[in-house]
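Reader: I am in my first year and would like to learn how to read a protein model step by step. Could you take me through one, letting me ask as we go along?

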Amino acid sequence: MSAAAFDAVAVDYDRDFTHSLVGAAQRRIVWDVLDDCLRQHGRPCSVLELNCGTGEDALRMARAGHRVVATDVSGGMLRVARGKFERAGLGQRVHLRRLDLRALASGEVTAQDLGGPFDLVFSNFGGLNCLSPESLQALAAPLAACLTPKGLAIAVVMPRLCLWESAWALLHLQPGRAVRRWRVGPVPAHLAAGQPALLVWFHGVGDMHRALGGHFHQERVRPVGLAVPPSYLEPLARRAPRWLALMAQLDRRWLTAAWGARLSDHVLIQYRRR
């Protein structure tokens, strides 16, 4: 069902999120870390991207000279990404593949099938939130196998509490929405009104450690969207773009400590293979 949900919004995804004020502000925070990790190698890297969406992150990495295998469960998202790479003349540097992460977790698809091992595995903006805790734990060993010895993994996930979301929901007398991330089980989510629902599990830093810690060392935890609000508050951002720019500066320069990951819209966790 997650493929159908993302297929339904693929054509408008860049307009509604990638190029939105909020989406761009949050993505810049992720790129600060991603660029730093890739620079540390001092050479072009091989990257496996999980849940690549419309390919915005893969496009940036390819432009910087890195080789990217970009995967997604949604054929619609991959079609948009393919057009983006072709227009940029980077089709030879990015290999697109349709991939359900459950197939990787079960061993149906292997690191060799994907062209690994890789220097970096990267998953942005909640792709791993489409997996249950059990599926995430099953993915840990195959994910480690996709990496070179001491290779890096960067996961950007939606944690169990978002201060903006809870405060905004309570202000608008929506207590159910205020606490939805606290639930242990999956939460039905709609990417757009009238579109198919998908199930989402919220994974905090501790949840991610329990799932991946046997195969990865945690190296960095960084909030993404502590001052900048969630993407569904884009109308608020458009009414006050200068305010959003200030919030973005706070997030990039000052609100970088790991404690903020307990309250932010997303959290970036950097791992190194054991």
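Author: What follows is a set of questions and answers about this chain, moving from the whole to single residues.

Reader: What kind of model is this, and how many helices and strands are in the chain?
Author: The model is a predicted one, and every number below was computed from it. Counting along the chain gives two totals, namely 12 helices and 9 strands.

Reader: Which radius of gyration does the chain have, and what would a compact globule have?
Author: The C-alpha atoms fill a box of roughly 50 × 40 × 40 Å along the principal axes. A compact globule with 274 residues would have a radius of gyration near 19 Å, and the chain agrees with this, because its own value is 18 Å.

Reader: What share of the residues counts as buried?
Author: The chain exposes about 12500 Å², of which carbon and sulfur atoms supply 56%. Turning from the surface to the residues themselves, the share of the 274 that counts as buried is 54%.

Reader: Among contacts between residues at least 6 apart in sequence, what percentage joins residues at least 24 apart?
Author: Here one sets aside pairs that are less than 6 apart in sequence and asks how many of the remaining contacts span at least 24 places. For this chain the percentage is 78%.

Reader: How do the axes of helix 1 and helix 4 lie, roughly parallel or roughly antiparallel?
Author: Two packed helices are described by the angle between their axes and the distance between the axes. Helix 1 (residues 2-18) and helix 4 (residues 75-87) have axes that come within 7 Å and cross at roughly 30°. Angles under 35 degrees count as roughly parallel, and therefore helix 1 is, with respect to helix 4, roughly parallel.

Reader: Which residues of helix 4 make the contact with helix 1, and how many residues of each class are there in it?
Author: From helix 1 the contact draws on F6, D7, V9, A10, V11, Y13 and D14, and from helix 4 on G75, G76, M77, V80 and K84. Sorted by class, the residues in this contact are 7 nonpolar, 2 polar and 3 charged.

Reader: Is A10 buried or exposed, and which residues does A10 contact beyond its sequence neighbours?
Author: A10 sits in helix 1, and A10 counts as buried because its relative accessibility is 2%, where the cut-off for buried is under 20%. Leaving aside neighbours within four places in sequence, A10 is in contact with T54, G76, M77 and V80.

Reader: Where is T71, and which residues does T71 touch?
Author: T71 belongs to strand 2 (residues 67-72), and its relative accessibility of 1% is the reason why T71 counts as buried. If residues up to four places away in sequence are not counted, T71 touches L48, E49, L50, N51, C52, L78, R97, L99 and L114.

Reader: N51 is in that list, so what is its phi?
Author: N51 is placed in the loop between strand 1 (46-50) and helix 3 (56-63). Although N51 is a residue other than glycine, its phi is positive, near 55°.

Reader: Which bond joins G116 and P117, cis or trans?
Author: P117 lies in the loop between helix 6 (111-114) and strand 4 (118-123). The omega of the peptide bond between G116 and P117 is about 5°, and this bond is cis.

Reader: Which residues of helix 8 are buried, and what covers them?
Author: Within helix 8 (residues 163-171), the buried residues are W164, E165, S166 and A169. Their cover includes helix 9 (175-178), helix 11 and helix 12 (241-253).

Reader: How far apart are the C-alpha atoms of G225 and V267?
Author: G225 is found in the loop between strand 8 (216-224) and helix 11 (234-239), and G225 counts as buried because its relative accessibility is 1%. Apart from neighbours within four places in sequence, G225 is in contact with Q26, I29, D251, S264 and D265. Along the chain G225 and V267 are 42 residues apart, while the separation of their C-alpha atoms is 8.0 Å.

Notes: Residues numbered from 1 in each chain as written. Predicted model: local features only at pLDDT ≥ 70, side-chain atom pairs only at ≥ 80, totals over all residues. Heavy atoms only, no water. Axes fitted to C-alpha atoms, helices over the stretch in contact; angles between N-to-C directions. Helix = DSSP H or I, 4+ residues; strand = E, 2+ residues; numbered from the N terminus. Parallel < 35°, antiparallel > 145°, perpendicular 65-115°, else oblique. Contact = heavy atoms within 4.5 Å. Nonpolar A, V, L, I, M, F, W, Y, C, P; charged D, E, K, R; others polar. Rg over C-alpha atoms; globule rule 2.2 N^0.38 Å. Buried < 20%, exposed > 50% of the residue type's maximum accessible area, 1.4 Å probe, protein only. Areas by Shrake-Rupley, 256 points an atom, 1.4 Å probe, with all protein chains shown as cover.
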